[in-house]
Structure formats: C-alpha cells, structure tokens
Number of protein chains: 2
Amino acid sequence: MKAEIINVGTELLLGDIINSNSNYLSKELAKLGIDVYYHTTVGDNKERLKSVLNNSLKRSELLIFTGGLGPTTDDITKEIIFSTLNKKMILDENILKGLKTYFESRKITMTDNNKKQAYIPEGCKVLQNDIGTAPGIYYKDEKHNIVLLPGPPRELKIMFENHLKPILKKETKHIIKSKTIKLIGIGESSLESIIEGIILKQDNPTVALYAKEGQVEIRVTAKSESDKKADELINNLINKIKPSIKNFVFSYNNESLEEVLIDLLKSKDLKIGVCESCTGGLISSKITSVAGASKVFDRGITTYSNQAKIDELKVSVDTLKKYGAVSKETALEMAKGLLEKTDIDISVSVTGIAGPDGGTKDKPVGLVYIGIASSDTVLTKELKLNGTRKKIQNKTANIALNEVRSFIIKTFDL
Amino acid sequence: MKAEIINVGTELLLGDIINSNSNYLSKELAKLGIDVYYHTTVGDNKERLKSVLNNSLKRSELLIFTGGLGPTTDDITKEIIFSTLNKKMILDENILKGLKTYFESRKITMTDNNKKQAYIPEGCKVLQNDIGTAPGIYYKDEKHNIVLLPGPPRELKIMFENHLKPILKKETKHIIKSKTIKLIGIGESSLESIIEGIILKQDNPTVALYAKEGQVEIRVTAKSESDKKADELINNLINKIKPSIKNFVFSYNNESLEEVLIDLLKSKDLKIGVCESCTGGLISSKITSVAGASKVFDRGITTYSNQAKIDELKVSVDTLKKYGAVSKETALEMAKGLLEKTDIDISVSVTGIAGPDGGTKDKPVGLVYIGIASSDTVLTKELKLNGTRKKIQNKTANIALNEVRSFIIKTFDL
C-alpha cells in the first residue's frame with residue numbers, strides 16, 4: 001500500500017514546532033509493511049490544503065492527515081477534506097456526550113468552539129481520542145484510505161496505537177522488519193568503504209547508514225511474508241558484515257549508550273556514581289532516563305562551584321589552585337572522592353568548559369576532562385570538542401558513557 | 001517570495017531521523033520575511049524526486065532542497081535536479097582541491113565516491129561547506145531560485161548562516177517579525193476563549209496559540225517594511241491582551257522556564273541548589289544548559305538510593321521508614337538538608353515514582369513531591385502526573401522550576 005503523510009499546521013511552516021508526528025507515523029507504518037513515499041506539510045489554508053489533497057489522491061492509496069482537528073477557528077482539516085470529497089457533516093451525539101463528560105471531569109467550561117469537534121462526515125469511522133477532545137476519522141472507498149489524526153503528539157500516538165493500527169493491520173499483507181546496529185568511533189564514509197561490497201549486492205534486505213552526533217547507525221531492513229523469514233534475511237546479512245565492524249559496535253539492537261551501560265552494569269553486578277561539572281547533571285539524567293536504573297545507579301553529584309567540589313568530593317584546594325577546576329587532576333580527584341565516600345564500584349567524573357564564555361587561550365571552550373575510578377584502576381581522558389554549549393554538553397555525556405562502558409569491559413572481567 | 005522546502009532522504013520516510021532541517025530553515029526564512037508554503041519529504045528515488053521537483057517549480061519561486069549531496073550511491077539530489085533542468089555537470093577543481101585538503105588534514109583516505117561531490121552544474125554558485133565535504137549549490141533563473149543544502153544539520157546551519165542568508169537577504173524586501181509569550185497553568189482552549197475577540201479582529205499582526213507539554217505559547221507575528229514598525233504593531237497588540245493573560249505569563253520574550261528562573265535568581269542575587277530523586281539530574285541539567293548558570297547554581301545532588309538521601313542530605317532513617325522515600329516529609333527533609341549543608345539561599349527537591357515500574361496502589365506511578373526551602377520558609381507540593389517515564393520526569397522538572405519561580409517572587413521581595 002502506497003502511503004503518504006500530510007501534516008496540516010502553519011506553526012510547522014513557521015518552524016515553531018518540530019514535526020515529530022511524521023517521524024512517529026513513518027516508523028509505525030514501516031513496521032506494518034506500508035511504504036511511505038511522501039511527507040507533506042501545508043498551512044491552515046483552504047486552497048493550498050485542497051491542492052495538496054488532490055495531488056495526493058492521484059499518487060497514493062493511504063493518506064494520513066495530522067493536525068487541524070482542534071476547536072479553534074484555524075482548524076480546517078476535516079471540513080476541507082470532506083467538502084472536497086462531497087461528504088455531508090453530521091452531528092455525532094456520542095462524541096458530543098463524550099466532550100461534555102471530558103470537560104465536566106476536568107472542571108473546565110466547554111466553550112462553543114469545542115462543539116465543532118462533534119461533527120463527523122457521513123460514512124466514516126470515528127477513531128476515539130482516549131485522552132483529548134478531537135476525535136480522529138477513518139474513511140475508505142474503492143481507491144483510497146483516508147485518515148485524520150489530531151496534531152498533539154500524545155493524542156496522535158495513543159489513537160494510532162489503540163484504534164488505527166488494528167484497522168491498518170487488516171489492510172496489509174507482508175511485513176517490513178528492521179534492525180539497527182549502533183557504532184561509535186568511526187565515520188560514515190569510512191564505514192561505507194568498509195562494507196560497500198556487501199551493501200551494493202543487497203536488494204532484500206537493504207542496508208542504510210546514518211550519522212548521528214558522533215555515532216553511526218547501520219539499518220538493515222527486510223521485507224517478507226513472515227517475521228521468521230525477515231529475521232533470517234537480516235541475521236544472515238549482519239553475520240557477513242560483523243567481522244569488519246565489531247570493534248566499533250556498542251549495540252546490535254538499537255539500544256542507546258545508556259541502556260547498554262546499564263545492562264552491562266547489571267550483568268556484572270556493579271554500582272555506578274557520577275560527578276559532573278560542565279555537564280551539570282546530564283550524565284545522571286541520561287542514566288536515570290532508563291527504567292530500572294535504580295538497580296545500578298546510586299547517586300550523582302553536580303559540583304558546579306569550586307566549593308561544591310571541595311565539600312562534596314574532597315577535591316583539594318591545592319589541586320584547584322595549581323591545576324584549576326578544568327584539569328585532569330581535578331577530574332581524577334572528583335572521581336576518586338565520590339568512590340571513597342560511597343560503596344559504589346565505579347565512579348565517573350567530568351569537568352570542562354561548555355561555553356560560550358569562560359574559555360581562555362590555554363583552556364578554550366570545548367576542553368573537557370573525564371575521570372574514571374574503580375578500587376584498583378583509574379583513567380583520565382582529555383577531549384577537545386566544538387559546537388554550541390548544548391552540543392558540547394551532549395557530546396561530553398555520550399563520550400563519558402562510552403568510556404565507562406569500555407573501562408568496565410577491560411577492567412571487570414566476568 | 002513564495003518558498004518551499006524539500007527534504008530528500010529515505011531515512012526520513014522510514015522515521016529513522018527527525019526532520020529538524022525543515023524546522024530550522026522555516027524559522028530562518030520567516031525571519032527574512034520569506035513565506036514558506038510547503039514542506040515535502042521524498043525518498044532517494046529518481047522518479048519521485050523528479051515529480052516533486054516539477055510540481056514545486058509550478059507553485060513556488062524559491063525551492064530549497066536538503067540532503068542527498070553526500071558521497072554515497074544513494075545521494076542523487078544534485079544529479080536529478082540539474083539533469084531535469086538540462087544543466088551540464090562540470091568538475092570543479094577548487095572543490096576537488098578542498099576535498100583533498102579536508103581528508104588529508106583529518107588523516108582519512110579520500111575514497112573514489114567522495115570525488116562525485118566536486119561536480120557542479122554549469123552556471124551555479126557554489127555554497128561553501130565550512131565543516132563538511134558536500135558543497136551546496138545556488139541556482140537562479142528568471143522564475144526560480146533553487147538551493148541545494150547538505151543533509152547533516154550542523155553543516156546545513158553553518159552553510160545557511162555564512163553563505164545562503166546573505167544571498168537571500170538581497171532577494172527580499174519586507175521583514176516578518178514574531179514575538180512569543182509563554183504561559184503556564186492555563187489550557188489552549190481557555191486561553192483562546194479569553195482573547196478570541198482580539199484574535200479575530202487581527203490581520204496584521206496575526207496571533208496564534210500553541211500548546212506544549214503543559215505550557216501554552218502565544219505567537220504574535222507582524223509583517224512590515226521596517227523593524228521598528230513591526231515592533232510597534234506587535235507591542236500594541238500585546239498591550240491589549242496583557243490584562244487578561246498576565247497571571248499566567250512567565251515570559252514575554254520566548255524564554256524557557258530555566259532562563260527566566262536564572263534571570264530572576266541573578267536579579268535578586270540568590271544562589272540555588274537542587275536535590276533530585278525521580279528526575280535523576282534533569283532539573284540540574286536544565287538549569288546548567290543555560291549559559292551563565294554558574295553565577296546562581298551552586299550544586300545539584302541526585303540521591304537515587306535511600307542511602308544517598310541519608311548520606312548527602314541527612315534525611316532521617318525514621319522518616320524514610322515511616323513515610324517512605326516518596327513522601328512530602330522526605331521531600332522537605334531533602335530540601336532542608338541541602339540548604340543546611342551549603343550557603344545557598346534556596347533549595348528545591350523532588351522525589352517521586354517515574355515508572356513504568358515501582359508504583360503501588362497507595363503510591364502510583366506519577367506521584368511526585370516537590371519540596372522548596374529557604375532560610376525562613378518551606379513549601380511542599382504533591383503532583384499526580386501521567387505519561388511515560390520521560391514525560392513524567394520532564395513534567396516534574398518543569399513544574400518544579402515554575403514552583404521555585406513563584407516561591408522566589410512571593411518570598412524574596414525586592
């Protein structure tokens with residue numbers, strides 16, 4: 001089934017919000033074996049929306065519209081699409097009742113413009129909105145499946161999962177399956193040169209490379225009638241490229257660095273603590289974003305001021321005076337300080353200059369030191385990064401997580 | 001000038017990456033007064049790219065393509081566009097030289113497929129890539145301006161800023177200016193009901209509302225010949241709606257909660273410390289993502305284990321036994337503990353259950369306590385949130401930042 005996604009909303013064209021809906025829907029449709037050929041974004045404008053609709057009707061079988069179902073005057077998606085298709089709008093008493101209950105339960109006054117959401121085109125299936133007020137719509141004729149979903153990402157996701165996915169599953173026959181391998185420490189071009197011979201020969205599964213903030217991903221995608229057959233195709237290909245890439249891989253299963261690290265810590269029954277300066281809590285925050293982090297993560301201390309480094313981590317005043325807060329000596333004392341005051345097994349520290357101010361000729365913005373300590377081994381690493389404050393903080397956090405991962409693999413034998 | 005953005009890349013249609021380029025370009029073009037009417041995403045496929053190009057040539061004057069300029073075999077944007085426009089490709093010796101230097105300086109072998117990037121269509125202006133290998137292209141004839149930019153966001157941004165923006169500035173005459181007001185504690189529908197009369201009467205400036213994870217934004221956009229006139233139009237409108245909205249506004253200037261909080265702390269010469277459990281460092285990380293946070297932020301302590309709460313914040317064993325780690329009593333002791341051991345002026349704590357596991361009937365996932373303490377005032381607040389782990393963590397962090405903001409305004413008079 002040829003599909004396309006059409007996002008309606010002037011706010012997207014003004015760059016006010018990132019278009020995460022087309023990303024989410026694309027991923028979900030791919031899993032169902034539905035090929036998405038186009039994304040289109042168009043504003044809340046009658047003529048342009050109509051012309052996009054007419055163009056899409058010519059080239060696609062499944063049209064998924066998002067946005068413009070809200071109560072406000074610039075929400076026109078439903079009206080334009082179904083007036084173009086010559087469908088009458090009918091007041092749906094059930095939806096109206098639902099809306100009333102929704103507003104009552106939240107003790108909010110239902111405004112007149114909310115009632116607009118209870119009108120549904122004839123012959124359509126209503127897709128229930130489990131957490132918001134705008135119902136979705138599913139319309140089908142001989143040539144087309146047309147779907148309208150609400151714009152707020154949370155509402156859209158829950159509606160897709162609970163009400164649209166079951167319908168689309170019935171409409172498709174084959175499946176598409178992907179596996180993503182994640183690598184760190186190699187560039188996209190070098191990686192392609194290494195595995196080029198294998199990529200070019202492949203039609204099913206296909207292989208694609210993506211570069212992402214210092215990481216590279218290899219995505220292997222197979223199309224097949226069964227889950228089992230798709231897995232076979234994917235695994236055969238991965239086995240072929242494995243010998244050339246294995247030194248750079250941190251996950252064969254699309255996991256994030258923090259997920260891989262937490263699994264590794266769990267498997268070795270180790271507890272970790274984090275002390276941060278320039279990343280200001282980002283490393284702790286990444287680790288604790290993973291469910292179950294509490295089994296391996298004990299505490300994180302962000303020592304932003306020098307006094308905090310002295311109080312919390314027993315960094316010596318002499319070290320701070322002699323080498324400065326941004327130095328490998330301070331990084332090491334931070335990591336050791338945390339290790340000594342707790343019963344954790346590994347401690348990782350980070351101190352650096354995230355910018356945009358605070359850099360000097362000797363210690364420019366982007367200079368970062370990582371320290372890692374266990375009871376019998378220590379390690380420091382100097383980084384010279386560039387980019388905005390947020391980029392430097394994010395790169396530092398990722399590199400620190402990967403350094404800890406390597407450290408554990410080398411230091412804590414099974 | 002009617003513009004549209006066309007993103008080329010199958011990875012976008014598969015949902016592998018979020019389309020941040022169209023968001024960035026839309027924002028930048030809006031600032032230049034260029035109206036963006038469409039975003040289109042199409043895969044690395046000759047026929048479909050050609051049909052998108054032909055459709056866009058009919059309706060727009062400025063076409064900005066992103067992606068597909070890389071060295072690999074599926075990068076076809078340049079070839080397809082300029083073969084459709086009947087332009088010859090010529091080897092550009094300067095670019096080839098630049099590529100060689102780029103690879104030599106990085107000590108990477110230049111592969112044969114990189115040479116493809118040195119071919120440029122006749123009659124085009126090369127947009128230099130200051131940090132990557134793929135040059136951009138600017139083409140102009142009587143009817144159209146066609147631009148090709150590389151896909152990696154960092155390369156695209158630097159090329160836009162340094163090389164494309166100066167060209168586009170010359171091509172446009174008027175400017176568009178926007179101001180964004182941020183509110184918390186009111187829903188989108190209620191807000192529209194309040195200011196509807198004013199919105200409907202307005203053509204220039206226009207007013208638009210956006211809901212974002214518990215916050216609402218009002219964007220006021222004016223089109224004018226001069227910066228000064230645009231400011232006047234915007235400020236007049238804001239003065240009209242101010243009396244109805246002022247209780248919910250935390251920024252009239254599109255600042256984030258953390259930026260507003262840091263400015264407030266600076267203005268009152270206060271230092272803050274953060275102690276976190278369920279947010280795991282996220283509040284610290286948000287605060288320290290703002291440049292200059294070191295002036296007001298002393299330290300952040302993530303006490304994930306009970307032992308860490310006892311060690312670092314002197315939470316009493318009795319409190320943990322009697323009320324549990326997730327309780328207003330623990331939240332308060334955490335905040336007080338941090339305040340007492342440091343010379344900060346305000347301390348904020350958070351303890352809760354972010355899920356997906358760990359909830360009970362009495363203390364379900366989403367139950368969170370916030371504690372705030374200054375030398376003479378304390379406050380606790382109970383939250384009952386829903387959503388994924390990351391949503392609960394993020395909402396908690398935002399609400400905590402806003403609670404601290406209100407606390408400071410009430411407690412620390414100027």
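Two residues are in contact if their C-beta atoms, placed from the backbone, lie within 7 Å. With that in mind, here is a walk through several close-ups of this predicted model.

**View 1. Helix 3 of chain A and its surroundings.** Helix 3 of chain A runs over residues 46–59, 14 residues in total. From the first C-alpha to the last, helix 3 of chain A reaches 21 Å, close to the 20 Å expected at 1.5 Å a residue. Look for its buried residues, Leu49(A), Val52(A), Leu53(A) and Ser56(A). They lie on the same side of helix 3 of chain A, because they cover an arc of only 105° around the axis. Such spacing is easy to follow on a model: an α-helix has 3.6 residues a turn, so residues three or four places apart point the same way. The cover over the buried residues of helix 3 of chain A includes strand 1 (2–8), strand 2 (35–42), strand 3 (62–66) and helix 4 of chain A. Turned away from the buried side is a face with the exposed residues Glu47(A), Asn54(A) and Lys58(A).

**View 2. Helix 3 of chain B, with its buried and exposed sides.** In chain B, helix 3 (residues 46–59) has 14 residues that should span 20 Å at 1.5 Å a residue, and its end C-alpha atoms, 21 Å apart, agree with this. Buried here are Leu49(B), Val52(B), Leu53(B) and Ser56(B). Their directions cover an arc of only 105° around the axis, so they sit on the same side of helix 3 of chain B. Among the elements covering these buried residues are strand 1 (2–8), strand 2 (35–42), strand 3 (62–66) and helix 4 (77–84) of chain B. Over on the other side of helix 3 of chain B, you will find Glu47(B), Asn54(B) and Lys58(B) exposed.

**View 3. An open sheet of four strands in chain A.** Follow the strands in the order 10-11-9-12, with antiparallel pairing. Strand 10 (206–212) and strand 12 (249–251) of chain A form the edges, each pairing on one side only. From one strand to the next, the twist averages 30°. As a reminder, strands of a sheet pair through backbone hydrogen bonds, either parallel or antiparallel. Between strand 10 and strand 11 (residues 215–224) of chain A, which run antiparallel, there are seven bridges. To find your place in this pairing, start at Ala211(A), whose bridge partner in strand 11 of chain A is Val216(A).

**View 4. Cis peptide bonds before Pro356(A) and Pro356(B).** In chain A, Gly355(A) and Pro356(A) are joined by a cis peptide bond with omega about 0°. The loop holding Pro356(A) lies between strand 15 (346–352) and strand 16 (367–374) of chain A. Turning to chain B, a cis peptide bond with omega about 0° links Gly355(B) to Pro356(B). Pro356(B) is in the loop between strand 15 (346–352) and strand 16 (367–374) of chain B.

**View 5. Positive phi at Asn86(A) and Asp269(A), neither of them a glycine.** Asn86(A) has phi near 60°; find this residue in the loop between helix 4 (77–84) and strand 4 (89–91) of chain A. Asn86(A) counts as exposed because it has 7 C-beta neighbours inside 10 Å, and the cut-off for exposed is 12 or fewer. Phi of Asp269(A) is about 55°, and this residue lies in the loop between helix 10 (257–267) and strand 13 (272–276) of chain A. With 10 other C-beta atoms within 10 Å, Asp269(A) is exposed.

How values were computed: Residues numbered from 1 in each chain as written. Chains lettered and ligands numbered in written order. Predicted model: local features only at pLDDT ≥ 70, side-chain atom pairs only at ≥ 80, totals over all residues. Pairing = 2+ DSSP bridges. Helix = DSSP H or I, 4+ residues; strand = E, 2+ residues; numbered from the N terminus. Axes fitted to C-alpha atoms, helices over the stretch in contact; angles between N-to-C directions. Buried ≥ 20, exposed ≤ 12 C-beta atoms within 10 Å, placed from the backbone. Expected span 1.5 Å × (residues − 1). Arc of directions from axis to C-beta.
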